[in-house]
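Hi,

Here is the model I promised to pass on. Have a look at it first, and my notes follow underneath.

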Amino acid sequence: MLTDSKDRRETLEHIDLHTPLDTPREVFCEGSEPQPRGEHAHCADAFQIPLATEVFRRARAQRLNRQKNLGFALMCVLIAFILLGCAYFNPFQFHIIKGTDDWSNRVSQLSFIFSLIIFALFVNLMCLLNICYRQRNLG
């Protein structure tokens, strides 16, 4: 067993002695060195795909459709918030507690929340009308 390790060590030393590690290796060919471009040198054209205007119109139409779908989804969410607000504030209970301090507190909360939601609905509706107008002018 000792002889095996000794033989291996001698073999490795023999390989180390005879393997030229310090020799420079030629990585690039001689003709492939970068050359400065002269005034009349031919430049390779950039790779370009000519696109028709229809491609851009279709991309814009898809973007406007995505915006319109998002606007409709936001409108549905805001209407759901209005319905949840009506269920939370219970308008029938307002009639029962009319004239108390609790009534004035709840009415102020109701008016603040509903005014924010209605304002957001109005802004959303204006954005949807703008998107529909741009879609109509696209074609």
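Before the details, a word on terms: I call it a contact when heavy atoms lie within 4.5 Å. Helices (H or I, at least four residues) and strands (E, at least two) are DSSP runs, numbered from the N terminus. Buried means under 20% relative accessible area, exposed means over 50%, and partly exposed is what falls in between, with a 1.4 Å probe and protein chains only.

Please keep in mind that this is a predicted model, where local features need pLDDT of at least 70 and side-chain atom pairs count only at pLDDT 80 or more, while totals for chains, interfaces and linings use all residues. Residues are numbered from 1 along each chain as its sequence is written, and side-chain values use heavy atoms, with hydrogens and water left out.

The overall picture

The chain has four helices and zero strands, so to speak an α-α-α-α pattern when read along the sequence. Of its 139 residues, 13% are buried. Among contacts with a separation of 6 or more, 74% are between residues 24 or more positions apart. The chain exposes about 12700 Å², and 63% of that comes from carbon and sulfur atoms. These areas come from the Shrake-Rupley method with a 1.4 Å probe; for residues, only the protein chains shown count as cover.

Helices 2 and 4

Helix 4 (residues 101–138) has 38 residues and reaches 56 Å from its first C-alpha to its last, close to the 56 Å expected at 1.5 Å a residue. For that expected span, take 1.5 Å times one less than the number of residues. Helix 2 gives a similar story on paper: 37 residues and a reach of 54 Å between its first and last C-alpha, close to the expected 54 Å.

What covers the buried residues of helix 4? Helix 2 (53–89) and helix 3 (91–96) are included in that cover. The buried residues themselves are Arg106, Leu110, Phe114, Ile117, Leu121, Asn124, Leu128, Ile131 and Leu138. On helix 2, the buried ones are Leu64, Lys68, Gly71, Met75, Leu78, Gly85 and Phe89, and they pack against helix 3 and helix 4.The ring cluster

A pair of aromatic rings is described by the distance of the centres and the angle of the planes. Rings of Phe, Tyr and Trp (its six-membered ring) pair if their centres lie within 6.5 Å; planes under 30 degrees apart count as stacked, over 60 as edge-to-face and the rest as tilted. By this rule there are two aromatic pairs. One of them joins tyrosine 88 and phenylalanine 89, edge-to-face, at 5.0 Å centre to centre and 80° between the planes. Tyrosine 88 counts as exposed because its relative accessibility is 60%, whereas phenylalanine 89 is buried, with a relative accessible area of 5%. Phenylalanine 89 also pairs with phenylalanine 114: the ring centres are 6.4 Å apart and the planes are at 80°, so this pair is edge-to-face. The pair links distant parts of the chain, with phenylalanine 89 in helix 2 and phenylalanine 114 in helix 4, 25 residues apart. Both of these phenylalanines are buried. Through the ring pairs, Tyr88, Phe89 and Phe114 become a cluster.

Around the end of helix 2

Cysteine 86 lies in helix 2 and is partly exposed, at a relative accessible area of 34%. Leaving out residues up to four places away in sequence, cysteine 86 touches Pro91 and Phe114. Its C-alpha is 8.9 Å from that of leucine 110, 24 residues away along the chain. Just after helix 2, asparagine 90 takes a positive phi of about 45°.

Then look at the loop between helix 3 and helix 4, where you will find isoleucine 97. Is isoleucine 97 buried or exposed? Its relative accessibility is 17%, so it counts as buried. Not counting residues up to four places away in sequence, isoleucine 97 touches Asp102, Trp103 and Arg106.

A nonpolar patch

On the surface, Phe119, Phe122, Val123, Leu125, Met126 and Leu129 form a nonpolar patch with about 570 Å² of accessible area together. Patches are made of residues with over 30% relative accessible area and no salt bridge, joining like charges within 9 Å and nonpolar side chains (Val, Leu, Ile, Met, Phe, Trp, Tyr) within 5 Å. A salt bridge here is a side-chain nitrogen of Lys or Arg within 4 Å of a carboxyl oxygen of Asp or Glu.

Two of the patch residues are worth a click. Methionine 126 lies in helix 4 and counts as partly exposed because its relative accessibility is 38%. Phenylalanine 122 is in helix 4 and is partly exposed too, at 48% relative accessibility. The C-alpha atoms of phenylalanine 122 and methionine 75 are separated by 9.5 Å, with their positions 47 residues apart along the chain.

Cheers
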